Amino acid sequence: MDAPDGANTAWMLAAFALVLLMTPALGLFYGGMVRSMSVLNMMMMCLSAVPIVWIVWVVVGYSMAFGPDIGGVIGDPTTFAGLRTLFGHFGAGGADTAAMPLVGTIPALLFVAFQAGFAMVTVALIAGAVADRMKFASWLIFATLWAILVYVPVAHWVFSAPGLTAEDGGWIVTHLKAIDFAGGTVVEINSGASALVVAVLLGRRAGWPKDPMRPHNLPFVMLGAGLLWFGWFGFNAGSTLAADGAAALVAANTLGAGAVSMVAWLVIERIRHGRPTSFGAASGVVAGLVAITPSCSSVTPIGALAIGAVAGAVSSYAIELKFRWGYDDSLDVVGVHFVSGVVGMLMIGLVASSSAPAGVDGLFYGGGLDQMWRQAVAVVVVLAYAMAVTAIIGLALKYTVGLRADRQHEMDGIDDGQHAESAYDFHQPRGGRVDVGR
């Protein structure tokens with residue numbers, strides 16, 4: 001209980017808004033990638049993550065993620081349930097008193113909302129792997145269960161540092177001491193691994209891979225990528241919880257990794273396919289942003305360029321694995337988010353510098369392999385946990401309410417079949433007199 005810092009609070013209000021923007025921006029990014037008969041469904045799946053996660057977060061999710069630690073595995077679900085202890089104190093007439101619950105130097109309730117934005121976009125990321133073929137009602141149930149059973153525990157392991165919101169923290173940050181500043185495991189690997197499982201359980205889209213399923217609106221994709229990049233500054237720099245020099249370095253690293261990853265992707269695309277594309281540019285930006293998410297506090301700007309370059313190049317190859325291995329990850333959640341998340345986590349073990357806020361040296365800076373094995377263990381554990389629990393949730397839904405939409409809905413357009421709507425009216429009006437000049 002204390003008075004919040006005004007400057008830090010103002011910055012975090014802006015950062016929260018930036019993070020919240022990322023979920024509808026992802027809907028625009030994904031919506032442009034699907035066919036015209038699926039765009040509304042995709043945007044609905046992304047946007048629905050906002051109310052689902054917020055309800056879960058208020059009732060029990062935040063407390064399970066950031067409450068007092070129980071065995072390093074989960075937070076106490078009763079401590080902050082309903083956020084009842086995090087309002088602060090208001091005097092006569094609703095005036096704000098000087099003292100209120102804080103996380104660091106900002107109001108605790110602002111931290112709650114900021115972290116909820118992370119959970120929202122993580123849930124929405126999975127939607128990209130199930131485009132064109134999942135029942136919307138089943139998605140709502142899946143998203144709710146996944147947020148509680150997969151996202152929340154991993155968030156506790158990684159984000160709940162000792163002394164942040166409780167005396168003890170989750171086991172990855174406290175005991176393993178792996179570095180994941182803003183969610184390489186919690187957000188990217190978690191969602192990417194889960195997306196692969198659900199895509200396999202659903203099966204391939206009707207006609208894939210024989211039928212062309214090209215993006216229907218590339219300007220949507222480019223705009224969505226730009227808004228995601230904008231929001232990512234709040235995502236990463238906001239995770240410092242302060243308007244300070246660390247936030248400035250994190251912001252610079254976020255800019256650099258996204259920029260060089262775009263270039264790397266386009267170079268590989270030009271070499272392999274003869275032409276750089278706008279779709280490749282947008283995907284390259286996102287790959288770099290994903291990779292710098294866990295590492296932005298532990299590397300110098302040069303290290304950020306190295307991470308972005310590797311992420312862009314590797315992910316440009318990885319998106320084609322689905323054709324070789326036969327899994328239908330519709331919008332490349334695995335190839336971009338999972339793969340680049342792994343790149344970002346592991347490269348901390350190589351290019352981390354003690355001159356950065358995290359204060360750890362990687363192999364290339366004389367730190368040996370100590371940090372590398374810690375990063376690798378975090379990656380493997382989160383991967384295994386996410387895949388196992390997602391499989392249980394997916395199988396339970398598949399054999400009860402069902403996962404897949406009706407085949408006729410897939411063929412006619414899932415927008416019409418699931419929502420009785422269409423994004424575009426392609427039919428010209430017929431009949432009637434046309435009054436010219438009116």
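In this predicted model, the N-terminal end of helix α1 is capped by D5, a side-chain oxygen of which lies 3.1 Å from the backbone nitrogen of A7. Helix α1 comprises the 28 residues from 6 to 33. At 1.5 Å a residue, a helix of 28 residues should span 40 Å, and the end C-alpha atoms of α1 are 41 Å apart, which agrees. The helix nevertheless carries a kink of about 30° at T23, shortly before the proline P24.

Helix α6 can be examined in the same manner. Its 19 residues, 184–202, reach 26 Å from the first C-alpha to the last, which is close to the 27 Å expected at 1.5 Å a residue. Helix α6 also contains a kink, of about 25°, centred on N190. As for its surroundings, 17 of the 19 residues of α6 are buried, so the helix is largely enclosed by the rest of the structure. One residue in this helix is S191, which counts as buried because its relative accessible area is 0%, where the cut-off is under 20%. A polar atom of the S191 side chain lies 2.6 Å from the backbone oxygen of V187. An α-helix has 3.6 residues a turn, so residues three or four places apart point the same way. After α6 comes G203, whose phi is positive, near 90°.

The loop between α6 and α7 (218–237) also holds R205, a residue that takes part in more than one ionic contact. Side chains of opposite charge can pair when their charged atoms come close. The count for the model comes to 7 salt bridges. In one of these, the side chains of D132 and R205 meet at 3.6 Å, N to O. This pair links distant parts of the chain, since D132 is in the loop between α3 (108–126) and α4 (136–159), while R205 is in the loop between α6 and α7, 73 residues apart. D132 has a relative accessible area of 4% and is therefore buried; R205, with 7%, is buried as well.

A salt bridge also forms between the side chains of D328 and R205, at 2.9 Å, N to O. D328 lies in the loop between α11 (321–325) and α12 (333–351) and R205 in the loop between α6 and α7, so this pair ties together parts that are 123 residues apart in sequence. Both D328 and R205 are buried.

A further salt bridge is found in helix α13, where the closest N and O atoms of R374 and D370 are 3.2 Å apart. Both residues belong to α13 and are 4 residues apart, about one turn of the helix. The two partners differ in their accessibility: R374 is buried, with a relative accessible area of 18%, whereas D370 counts as partly exposed at 38%. Elsewhere, salt bridges that share partners join R35, D132, R205 and D328 into one network.

The discussion now turns to the surface. A nonpolar patch there is formed by I141, L145, L149 and V401, which together have about 280 Å² of accessible area. V401 is located in the loop between α13 (370–398) and α14 (407–412). With a relative accessibility of 41%, V401 counts as partly exposed.

Two further positions complete the account. V267 belongs to helix α8, residues 245–273, and is partly exposed, with a relative accessible area of 43%. Although V267 and G280 are 13 residues apart in sequence, the distance between them in space is 9.9 Å, C-alpha to C-alpha. G82 is placed in the loop between β2 (74–75) and β3 (102–103). Its relative accessible area of 36% makes G82 partly exposed. The C-alpha atoms of G82 and V56 are separated by 9.6 Å, and the two residues are 26 residues apart along the chain.

How values were computed:
Residues numbered from 1 in each chain as written. Predicted model: local features only at pLDDT ≥ 70, side-chain atom pairs only at ≥ 80, totals over all residues. Heavy atoms only, no water. Helix = DSSP H or I, 4+ residues; strand = E, 2+ residues; numbered from the N terminus. Expected span 1.5 Å × (residues − 1). Bend = angle between axes of the 7 residues up to and from the residue. Polar contact = N/O pair within 3.5 Å; in protein donor to acceptor, adjacent residues only side chain to side chain. Patch = residues over 30% accessible without salt bridge, like charges linked within 9 Å, V, L, I, M, F, W, Y side chains within 5 Å. Areas by Shrake-Rupley, 256 points an atom, 1.4 Å probe, with all protein chains shown as cover. Salt bridge = Lys/Arg side-chain N within 4 Å of Asp/Glu carboxyl O. Buried < 20%, exposed > 50% of the residue type's maximum accessible area, 1.4 Å probe, protein only.
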